[in-house]
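Notebook open, coffee poured. I want to go through this one piece by piece and jot down what I look up.

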Amino acid sequence: MSWRTTVFGAVAFTLIAVTAGAAWAAVTDNMYPTANANLACRSESGPDGNLSCQTDNRTLTYYMDSGGTNMLEAEDRTVVNSVMNNIYEPTDLSVTLDTTPEFSGSAETDIVYEESGIGVPSGSDGVTFCNNAADSLRCDQQYIRILGGGNYVQGLTCHETGHAVGLTHGQQASPQLSNRDERLGCMETPVDWDERLQDNNIDHINATY
Ligand SMILES: [Zn+2]
């Protein structure tokens, strides 16, 4: 997703240094909130480019839109299932496909994947936004929109899912890295089609959840 970097620092928001003192040798802190990405998580009706949220707990449920104009085709669903089963399930997150999704209440399906360009920033192939913030740190339900036309590939799906669990780009990390630093794995932007999480992202996910 794109970020409006000009607004960082404009909002007074007290950070909780959730990863301070962690014992592993992380390359950089790219789990929201960081010193360079600290806007409060909030509900949005569509992507506004400002979003930073963790997901609300370690149980990560997901749904893929199965009808209408935002439907994922069979090959897209295969990619999403592969990313969730082979890249995210091996982390400390507990990942489950939810075929009877909840869109209201306090325990909504965590991630809804759509094939859609609505609100996707110019020059980007995908975006993630929080539909229902649980609090200023965590989101109960996030939407991932990825453009049609073959953009549902491993790297971008891993990238947008990373945003949905709180991971940031290199420029929002602390210390800042190039957005194309290889150590960011699939959180590089732009991201290559075959990227995976890699150690820095996995360590932050496991320390958070
Ligand atoms: Zn991104």
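Where is the place of Thr 61? I looked it up, and Thr 61 sits in strand β2. A reminder to myself before going on: this is a predicted model.

**Entry: Thr 61**

Next I checked whether Thr 61 is buried or exposed. Its relative accessible area is 16%, and since buried means under 20%, Thr 61 is buried. I then listed its contacts, leaving aside the neighbours within four places in sequence. That gave me Thr 96, Asp 98, Glu 108, Thr 109, Asp 110 and Ile 111.

**Entry: aromatic pairs**

I stayed with β2 and turned to rings. The count comes to 3 aromatic pairs, and I wrote up two of them here, starting with Tyr 62 and Tyr 113. Their ring centres are 6.1 Å apart. The planes stand at 90 degrees, so I put this pair down as edge-to-face. Which parts of the chain does the pair link? Tyr 62 belongs to strand β2 (residues 59-64) and Tyr 113 to strand β4 (residues 111-115). That puts the partners 51 residues apart, and the pair links distant parts of the chain. I checked burial for each ring: Tyr 62 has 2% relative accessibility and counts as buried, and Tyr 113, at 0%, counts as buried too.

The other pair I noted is Tyr 63 with Phe 103. Here the centres are 6.1 Å apart and the planes are at 85 degrees, so I have it as edge-to-face. Tyr 63 is in strand β2, while Phe 103 is in the loop between β3 (94-97) and β4. These two are 40 residues apart, and again the pair links distant parts of the chain. On burial, Tyr 63 counts as buried at 15% relative accessibility, whereas Phe 103 is partly exposed, with a relative accessible area of 42%.

**Entry: disulfides**

How many disulfides are there? I get 3. Numbering the bonded cysteines in sequence order, I read the pairing as 1-2, 3-4, 5-6.

I took Cys 41 and Cys 53 to begin with; the S to S distance is 2.0 Å. The torsion about their S-S bond is about 90 degrees, so I logged the disulfide as right-handed. Both cysteines lie in the segment before β1 (54-55), 12 residues apart. Cys 41 and Cys 53 are both buried.

Then I went to Cys 130 and Cys 139, which are joined with S to S at 2.1 Å. I found 95 degrees about this S-S bond, and the link is right-handed. Both Cys 130 and Cys 139 are buried.

That left Cys 158 and Cys 186, with sulfur atoms 2.0 Å apart. Is their link left-handed or right-handed? With -60 degrees about the S-S bond, it is left-handed. Cys 158 is in helix α2 (residues 154-164), and Cys 186 is in the loop between α2 and α3 (198-208). They are 28 residues apart, so to speak a link between distant parts of the chain. Cys 158 is buried at a relative accessible area of 0%, and Cys 186 is buried at 0% as well.

**Entry: helix α2 and its packing**

Cys 158 took me to α2, and I asked what it packs against. Helix α1 (residues 74-88) and α2 pack at an angle of about 65 degrees, with their axes 10 Å apart. I noted the crossing as right-handed.

Which residues meet there? From α1 I listed Val 79, Val 80, Val 83, Met 84, Ile 87 and Tyr 88. From α2 I listed Gln 154, Thr 157, Cys 158, Thr 161 and Gly 162. By class, this contact has 7 nonpolar, 4 polar and no charged residues.

I also wanted to know how many residues of α2 are buried. The tally is 10 of the 11, so α2 is largely enclosed by the rest of the structure. The buried ones include Leu 156, His 159, Glu 160 and His 163. Their cover includes β1, α1, β4, β5 (126-133) and β6 (138-146).

Last jotting: just after α2, Gly 166 takes a positive phi of about 110 degrees.

Note on methods. Residues numbered from 1 in each chain as written. Predicted model: local features only at pLDDT ≥ 70, side-chain atom pairs only at ≥ 80, totals over all residues. Heavy atoms only, no water. Phe/Tyr/Trp six-rings, centres within 6.5 Å; stacked < 30°, edge-to-face > 60°. Helix = DSSP H or I, 4+ residues; strand = E, 2+ residues; numbered from the N terminus. Buried < 20%, exposed > 50% of the residue type's maximum accessible area, 1.4 Å probe, protein only. Disulfide = S-S within 2.5 Å. Axes fitted to C-alpha atoms, helices over the stretch in contact; angles between N-to-C directions. Left-handed = near helix turned anticlockwise from the far one by under 90°. Contact = heavy atoms within 4.5 Å. Nonpolar A, V, L, I, M, F, W, Y, C, P; charged D, E, K, R; others polar.
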